[in-house]
Amino acid sequence: MDRPLILKTFHKGKIKEYFVMPKGDLHTDLGIIRLDELKAKLPGDMISSHLGFDFVIQKPKPPDFFRHAKRSGAPMMPKDIGQIISSTGLSHSDSVLDAGTGSGILAIYLGSIARKVVSYEIRDEFIDIARQNIALTGLSNIELRSGDMVTEIQTLDEKFDVITLDTIDAARIVPHVPGVIYPGGYLAVYSPFFEQTKEVRNAIENTNFTEVKTIETIEREISFSDRGTRPSTSRVGHTGFITIARY
Ligand SMILES: C[S@@+](CC[C@H](N)C(=O)[O-])C[C@H]1O[C@@H](n2cnc3c(N)ncnc32)[C@H](O)[C@@H]1O
């Protein structure tokens, strides 16, 4: 199967990048790029447009899929994904249970580290989009399952090291997590609103978890210019709260 590539060039002080498949022609304001030529090239090689602009070829990583993959809804932001990965200590031997899949962006990051990811999505049309996105990464350790996690988790006879929930009804899933998590495993719940977060905290309190914390991760990019150096004035605002609990 053909895999996408990133083409990148620096023009007029800005990086221009394209997420492309190695076929057909790409028409850009810097000229036409014959994408079939990519088949004979490797990441790190250059490809030129017909106007003579050079583009470096890169293999896409999860942040590229966050920026360029097809979306069904709002994918989780890398800053929040990073928080989940660090707080759960996700490693190559871990199995992860994830819901809902959405565009599959969190699942792609998790699958790039963990041994296995099983991700549930309630809407079939979203699974199709996520399946296409995941196929483009070449990852073979992410299994997508169709279903409502609230009921599916009650019939599962597998256990997982890490459970990630990014669904509006996460508080209804939490009481069933002990049945599918290894002792010492981590639960990570992403909730956009205080109200959902409080529901999740209540559900966790009524279950046998320890080491519970809720955090908001704030990202402040620093801008560099001739005028000076300071936190960027256009920044990512609030995204969501992350509640971590250990079983
Ligand atoms: C915010 S999106 C998840 C985004 C995903 N984490 C990503 O990074 O692309 C929430 C998804 O959960 C799905 N969903 C909501 N309730 C669900 C449930 N009970 N079981 C499975 N999926 C559910 C929704 O259809 C939606 O696609």
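Mentor: Before we start, one definition: two strands count as paired if DSSP finds at least two bridges between them. Keep in mind, too, that this is a predicted model.

Trainee: Okay, let me try that on S1 and S2. How many bridges join S1 to S2, and which way do they run?

Mentor: Seven bridges join them, and the two strands run antiparallel. One place to look is His 11, which stands opposite Lys 14 in S2.

Trainee: What do S1 and S2 form, and how many residues lie between them?

Mentor: They make a hairpin with two residues in between. Lys 12 is in that turn, in the loop between strand S1 (5–11) and S2.

Trainee: What is the phi of Lys 12?

Mentor: The general idea first: most residues other than glycine have a negative phi. Here, phi of Lys 12 is near 50°, so you're looking at a positive value in a residue other than glycine.

Trainee: And how do I read the sheet around that hairpin? In what order do the four strands come?

Mentor: Read across the strands: S2-S1-S6-S5, an open sheet with antiparallel pairing. At the edges you'll find strand S2 (14–20) and strand S5 (46–48), each pairing on one side only. From one strand to the next, the twist averages 30°.

Trainee: Which strand does S5 pair with, and over how many bridges?

Mentor: S5 goes with strand S6 (residues 54–58), antiparallel again, over three bridges. If you want one pair to click on, Phe 55 in S6 is the bridge partner of Ile 47.

Trainee: There's another sheet, with seven strands. What is the strand order there, and what kind of pairing is it?

Mentor: That open sheet goes S9-S8-S7-S10-S11-S15-S12, and its pairing is mixed. Strand S9 (142–146) and strand S12 (210–215) stand at the edges; each has a single partner strand, so one side of each has no neighbour in the sheet. The twist averages 15° from one strand to the next.

Trainee: Within that sheet, in which sense do S7 and S10 pair?

Mentor: Parallel: S7 and strand S10 (residues 160–165) pair over four bridges. Asp 98, for instance, stands opposite Thr 164 in S10.

Trainee: Next, peptide bonds. Is the one joining Ala 99 and Gly 100 cis or trans?

Mentor: As a rule, most peptide bonds are trans. The bond between Ala 99 and Gly 100 is cis, with omega at about -20°. Gly 100 belongs to the loop between strand S7 (95–99) and H3.

Trainee: Let's do the ligand. Where does it sit?

Mentor: The general idea is that a molecule sits in a pocket if more than half of its atoms lie within 2 Å of the pocket's grid points. Here the ligand sits in the largest pocket.

Trainee: Which residues come nearest to it?

Mentor: There are 22 residues around the ligand, and Glu 121, Asp 148, Met 149, Asp 166 and Asp 169 come nearest. Helix H3 (105–113), strand S8 (116–121) and helix H5 (149–152) each supply at least two residues of the shell.

Trainee: What about polar contacts? Which side chain has an N or O atom 2.8 Å from a ligand nitrogen?

Mentor: For a polar contact, look for a pair of N or O atoms within 3.5 Å. The side chain you're after is that of Asp 148, at 2.8 Å from a nitrogen atom of the ligand. On the backbone side, a polar atom of Met 76 is 3.0 Å from a ligand oxygen, and one of Ile 105 is 3.2 Å from a ligand oxygen. Taken alone, the ligand exposes 610 Å², of which the protein buries 87%.

Conventions:
Residues are numbered from 1 along each chain as its sequence is written. This is a predicted model: local features need pLDDT of at least 70, side-chain atom pairs count only at pLDDT 80 or more; totals for chains, interfaces and linings use all residues. Side-chain values use heavy atoms; hydrogens and water are left out. Axes are lines fitted to C-alpha atoms, for helices over the stretch in contact, and angles run from 0 to 180 degrees between N-to-C directions. A residue is near a molecule or strand if one of its heavy atoms lies within 4 Å of it. A polar contact is a pair of N or O atoms within 3.5 Å; within protein, one must be able to donate a hydrogen and the other to accept it, and residues adjacent in sequence count only if both atoms are side-chain atoms. Accessible areas come from the Shrake-Rupley method with a 1.4 Å probe; for residues, only the protein chains shown count as cover. On a 1 Å grid over the protein atoms alone, a cavity is a set of points where a 1.4 Å probe fits but cannot get out, and a pocket is an open set with protein on both sides within 12 Å along at least five of seven lines; lining residues have an atom within 4 Å of a point.
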